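Hello,

Here is the structure I promised to pass on. My notes on the fold follow below it.

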Amino acid sequence: MYICIQLVEKNQEYRICNRCIMDTTDPVIRFDDQGNCNHCTEFLETRSRYSYQGEQSDVALASLIHEIKRKGKGRPYDCIVGLSGGVDSSFTAWKAKELGLRVLAVHLDNGWNSIEANQNIRSIANKLAIDYETEVLDWEEFKQIQRAFLKASVPEADTPTDIAILAVLHKAAAKHRIQYILSGGNFATEGILPKHWHYNAKDLRYFRHICRQFGPVSFRSFPTFGLIKEAYYKLFRGIKMVYFLNYFPFDKAKSIELLKTDLDWKDYGGKHYESKYTGFIQSYYLLNKFNIDYRRATLSSQICAGSIKRGEALDAIKQIPYRAETLEHEKNYIAKKLGFSMDEFEEIMLKSGKWYTEYPNDEKRLIVFYNLYRRLFNKEKLSSF
């Protein structure tokens, strides 16, 4: 049984939100006079409007589908779905196909796929009769980047994959003249996520500094995705990424059953365990180094969305998020694959964590650009940009 009691900062009293279950493991969390945190307040006041709103969302979806088909006319595909073999992306592909869209599935192979994820990708492509492309990263190069981020001891240990996914999806969209990328992200389960838990993956100044300081890293072929590329794809190529699942009353448990029945989808045993590395980072690494339990954000989002009760979330969070019986095997596997001895790997696991604010970054410039883009171009409130 696991109960979160560790303090994040010296002299900081542990505190948990009265409404959701976010707590002071976010070092900059704020509470109002009622003991409610800024995360759930923002979700309820702002972000909840971006989730499914009944008839209003149905009308918006019909308009979106019409627009996607119109933009895809005369071309082989209407949209791209980044397919990982996980629940959200698999359901996104299924729903897009059901709505009559011509889907191109794009998968990033970073060398960490589980067996189940690979099976799911093949099964979905075959059963839905959709084309798919796979971009395989140069393993030796990617390994050095992942090693650098682990040595930096930041929560964003999986940022290299996030960057590569964005780059590969937009590159494929430009190549095939596709203007819509359908994301499996959704506010119902991901509407709350503290910045200090997962800083912006598109900050190339931050990314490159870590690679230089903790390298060596040679950028021969790694697909980066920063402000300049994003502006090019968004403003000049007209490519939009849309949180597709926000248009539906998305229920993950029901979606899993549908995928199993219709697409012979295989369960990989835990959130984001379609990737062996991502599963380990989010379940063990973050908890061990930062006392961050990623489930808090997911469960708090679900509380705010009304899909679970706070008491249920508190009960769920008492259990450790990783598989204790396979932990040593996972650690050995990851250490060996990344070229660390077990002593080196354990030293990294025990090293004090650092936040993105302790390294050079471009946060201020990125915020200005995003705010300007939203005001001028981003009229669809369910866009992810």
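I begin with a helix pair. H1 and H12 lie oblique to each other, because their angle of about 40° falls outside the classes for parallel, perpendicular and antiparallel. Note that this is a predicted model.

The details of that pair: H1 covers residues 38-45 and H12 covers residues 295-305, with axes 10 Å apart. The crossing of H1 over H12 is right-handed. On the H1 side, Cys40, Phe43 and Leu44 make the contact; they meet Ser301, Cys304 and Ala305 of H12. By class, five residues of this contact are nonpolar, one is polar and none is charged.

Now the sheet. It is open, has five strands and runs in the order S3-S2-S1-S4-S5, with parallel pairing. S3 and S5 (240-243) are the edge strands; each has a single partner strand, so one side of each lacks a neighbour in the sheet. From one strand to the next, the twist averages 30°.

At one end, S2 (residues 103-109) and S3 (residues 131-136) run parallel and share six bridges. Leu108 sits opposite Glu135 of S3. Helix H4 (residues 115-128) joins S2 and S3 in a right-handed β-α-β unit.

At the other end, S4 (residues 180-183) runs parallel to S5, with four bridges between them. Ile181 has Met241 in S5 as its bridge partner. Helix H6 (residues 159-175) packs on the sheet and touches S1 (79-82), S2, S3, S4 and S5. The direction of H6 makes about 145° with that of S2.

Best wishes

Terms used: Residues numbered from 1 in each chain as written. Predicted model: local features only at pLDDT ≥ 70, side-chain atom pairs only at ≥ 80, totals over all residues. Heavy atoms only, no water. Pairing = 2+ DSSP bridges. Helix = DSSP H or I, 4+ residues; strand = E, 2+ residues; numbered from the N terminus. Right-handed = clockwise from strand over helix to strand, strands pointing away. Axes fitted to C-alpha atoms, helices over the stretch in contact; angles between N-to-C directions. Parallel < 35°, antiparallel > 145°, perpendicular 65-115°, else oblique. Left-handed = near helix turned anticlockwise from the far one by under 90°. Contact = heavy atoms within 4.5 Å. Nonpolar A, V, L, I, M, F, W, Y, C, P; charged D, E, K, R; others polar.
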